Amino acid sequence: TLLTNSFKVGVISGDGNTSKDHTLDFYPRIVFVFLRNAPFVEYDATNSYTRCNSAVVTSDGGGSCGAELFLDTLTLSQSSAATNGRFFNLNKSGGQYVYIAFK
């Protein structure tokens, strides 16, 4: 059975800082986050790196591409340069990030 209000959808506005914390009103088990109007990932052939415009994080510490989850706080990262072939693009200035958080 599904729980009442078992998930929440919201939007976070990017500010361009290295990281941004967003506090949810519950402790989610898993969160999906992605930049609106952009592919989840894209390869920049000119600079030879993959730009991560999305991430998945779990309450047990698992995560991908520049996002972290601790209790009720989702932290999104923005790279200033690529590291190990990846560029985290989860707090772009003016970017609109949609998240889906599941209890």
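Is F32 buried, partly exposed or exposed, and at what relative accessibility? F32 counts as partly exposed, at 34% relative accessibility, where buried means under 20% relative accessible area, exposed over 50%, and partly exposed in between (1.4 Å probe, protein chains only).

The structure is a predicted model, in which local features need pLDDT of at least 70 and side-chain atom pairs count only at pLDDT 80 or more, while totals for chains, interfaces and linings use all residues. Residues are numbered from 1 along each chain as its sequence is written, and side-chain values use heavy atoms, with hydrogens and water left out.

**Exercise 1. Aromatic rings**

Task: Determine which residues form one aromatic cluster with F32, and describe the pairs by distance and angle.

Solution.

Step 1. A pair of aromatic rings is described by the distance of the centres and the angle of the planes. Rings of Phe, Tyr and Trp (its six-membered ring) pair if their centres lie within 6.5 Å; planes under 30 degrees apart count as stacked, over 60 as edge-to-face and the rest as tilted.

Step 2. The whole structure contains four aromatic pairs. One of them joins F7 and F102: the ring centres are 5.8 Å apart and the planes stand at 40 degrees, so this pair is tilted. The pair links distant parts of the chain, since F7 belongs to strand β1 (residues 7-13) and F102 to strand β10 (residues 96-102), 95 residues apart. Strands here are DSSP runs (E, at least two residues), as helices are runs of H or I with at least four, numbered from the N terminus.

Step 3. F7 has a relative accessible area of 47% and is therefore partly exposed. F102 is also assigned to the partly exposed class, at 28%.

Step 4. F102 forms an edge-to-face pair with F32, with 6.1 Å from centre to centre and 90 degrees between the planes. Because F32 lies in strand β3 (residues 30-35) and F102 in strand β10, this pair ties together parts 70 residues apart in sequence.

Result: F7, F32 and F102 make up one aromatic cluster.

**Exercise 2. The surroundings of K8**

Task: Identify the salt-bridge partner of K8 and place both residues in the chain.

Solution.

Step 1. Side chains of opposite charge can pair when their charged atoms come close. A salt bridge requires a side-chain nitrogen of Lys or Arg within 4 Å of a carboxyl oxygen of Asp or Glu, and the structure holds four of them.

Step 2. K8 is bridged to D25, with 3.6 Å between the closest N and O atoms. D25 is in the loop between β2 (19-23) and β3, whereas K8 is in strand β1, so the bridge connects parts 17 residues apart in sequence. The C-alpha atoms of K8 and D25 are separated by 9.4 Å.

Step 3. D25 is exposed, at 61% relative accessibility, whereas K8 is partly exposed, at 30%.

Step 4. Contact means heavy atoms within 4.5 Å. Not counting residues up to four places away in sequence, K8 touches D25, F26, Y99, I100 and A101.

Result: the partner of K8 is D25.

**Exercise 3. A buried charged pair**

Task: Establish how D44 interacts with R51, and whether the two residues are buried or exposed.

Solution.

Step 1. D44 is located in strand β4 (residues 41-44), and its relative accessible area of 14% makes D44 buried.

Step 2. With neighbours within four places in sequence left aside, D44 is in contact with Y49 and R51.

Step 3. D44 and R51 form a salt bridge, their closest N and O atoms being 3.5 Å apart. E42, D44 and R51 are linked in a network of salt bridges.

Result: D44 is joined to R51 by a salt bridge, and both residues are buried.

**Exercise 4. The nonpolar core**

Task: Find which residues touch the most other members of the largest nonpolar core, and which strands supply it.

Solution.

Step 1. A nonpolar core is a set of buried Ala, Val, Leu, Ile, Met, Phe, Trp, Tyr and Cys residues joined through side-chain atoms within 4.5 Å.

Step 2. The largest such core has 18 residues, among which V31, L76 and Y99 touch the most other members. At least two residues of this core come from each of β3, β6 (54-58), β7 (67-70), β8 (73-77) and β10.

Step 3. Beyond four places in sequence, the residues touched by V31 include L24, V57, L69 and Y99.

Result: the residues sought are V31, L76 and Y99.
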